[in-house]
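Q: I'm new to this one. Could you pick a single part, look at it closely and tell me how it fits together?

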Amino acid sequence: MENFTSGGTFFLMGFSDIREIQILHAVLFLLIYLAAILGNLLIITLTTKDHQLHTPMYFFLKNLSFLDLCFISITVPKSIMNSLMNQNTISFLGCVSQVFFFFLLASTEVALLTVMSYDRYVAICHPLRYDIIIGHEACIQMATSSWISGCLNAILHTASTFSISICGPPEVNQFFCDVPQLLSLACSYNIGELVVIGLSLLLDFGCFVFIDISYYYVFSTVLRMPSVEGRHKAISTCLPHLIVVTLFLSSGFFAYLHPLSKSPSLFDLLVSVFYTVVPPTINPLIYSLRNKDMKMALRKLLMRRYCLSN
């Protein structure tokens with residue numbers, strides 16, 4: 001019997017033991033990581049430099065891009081390095097850091113996605129009161145509250161997870177330190193962490209219900225719009241957001257609620273990719289390539305760069 005706090009090294013699960021597949025995994029993850037970093041940095045740059053994008057919707061989008069940029073940087077670079085170096089180890093402090101920052105950023109993102117759905121609800125269902133309800137101070141308060149809630153959730157999960165005693169080798173059947181796989185190493189059930197996970201899932205489900213209700217009213221209002229262009233713009237803005245939220249939360253719910261297999265599972269690895277790698281990568285594509293304001297801001301930025309270079 002050994003306590004997590006005694007330190008040491010954890011052994012993570014790789015995607016394959018075949019060297020060629022390890023290299024392929026490293027290259028694929030590197031390309032995905034670079035695409036996510038460049039896409040989210042582009043959104044942060046455009047929403048910062050273009051004054052026409054200094055609105056509540058793009059303020060929240062900039063926060064989301066910063067979250068995604070950090071979120072994918074917690075797990076993917078370490079997985080790439082492990083595959084390239086043909087080793088699947090992570091230090092105790094590295095594992096603690098992954099758990100803490102994973103929950104900090106994931107919980108903050110759920111809260112921020114909920115705030116973004118409320119922003120769209122007010123903008124479409126109560127447009128005349130939008131500037132009063134979603135003012136600058138309200139945006140700051142909602143973003144700050146999202147970060148504070150994420151920080152509290154991360155502290156609770158990290159403290160309760162690493163207070164347990166483990167039996168057997170410290171082998172984590174996941175490509176990063178994820179809580180369900182860490183708890184499977186425990187000698188007995190950790191009631192404290194199970195309660196924290198239950199409360200977190202309950203809050204996440206509440207956020208998901210709130211988001212769905214918000215978009216129900218949004219789509220009901222949109223369908224009554226006389227303008228075809230207005231309907232198309234509203235749907236193209238809200239529907240991708242709803243898809244991303246559903247993918248992010250549903251894969252997370254599945255990973256934390258389904259019983260873990262006793263042996264390493266490639267299926268569990270693939271499920272984890274859907275809530276750790278996919279959302280940060282596709283968010284920039286959804287919010288920039290399908291958004292006319294973002295396209296216009298990008299054109300202006302490129303034209304400005306071209307004029308300065310000449």
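**A look at the sheet and helix H3**

A: Let's start with strand E2, residues 9–12, which runs parallel to E5 and is joined to E5 by two bridges. (Strands are DSSP runs of at least two residues marked E, helices are runs of at least four marked H or I, both numbered from the N terminus; strands pair when DSSP finds at least two bridges between them.) Leu 12 has Val 172 of E5 as its bridge partner.

Residues are numbered from 1 along each chain as its sequence is written. This is a predicted model, where local features need pLDDT of at least 70, side-chain atom pairs need 80 or more, totals for chains, interfaces and linings use all residues, and side-chain values use heavy atoms, without hydrogens or water.

Zooming out, the order E3-E2-E5 makes an open sheet of three strands with mixed pairing. E3 (89–91) and E5 (171–172) stand at its edges with a single partner strand each, so each has one side without a neighbour in the sheet.

Lying across E2 and E3 is helix H3, residues 92–125, at about 85 degrees to E3. (Contact means heavy atoms within 4.5 Å; axes are fitted to C-alpha atoms, for helices over the stretch in contact, with angles from 0 to 180 degrees between N-to-C directions.)

H3 also helps line the largest cavity, giving it two or more residues, as do helices H5 (136–161), H7 (191–223) and H8 (228–257). Of its 18 lining residues, Phe 103, Ala 106, Asp 204, Gly 252 and Tyr 256 lie nearest the centre. (A cavity is a set of points on a 1 Å grid over the protein atoms alone where a 1.4 Å probe fits but can't get out; lining residues have an atom within 4 Å of a point.)

Note on methods. 1 Å grid on protein atoms, 1.4 Å probe; cavity = no way out; pocket = protein on both sides within 12 Å on 5 of 7 lines; lining within 4 Å.
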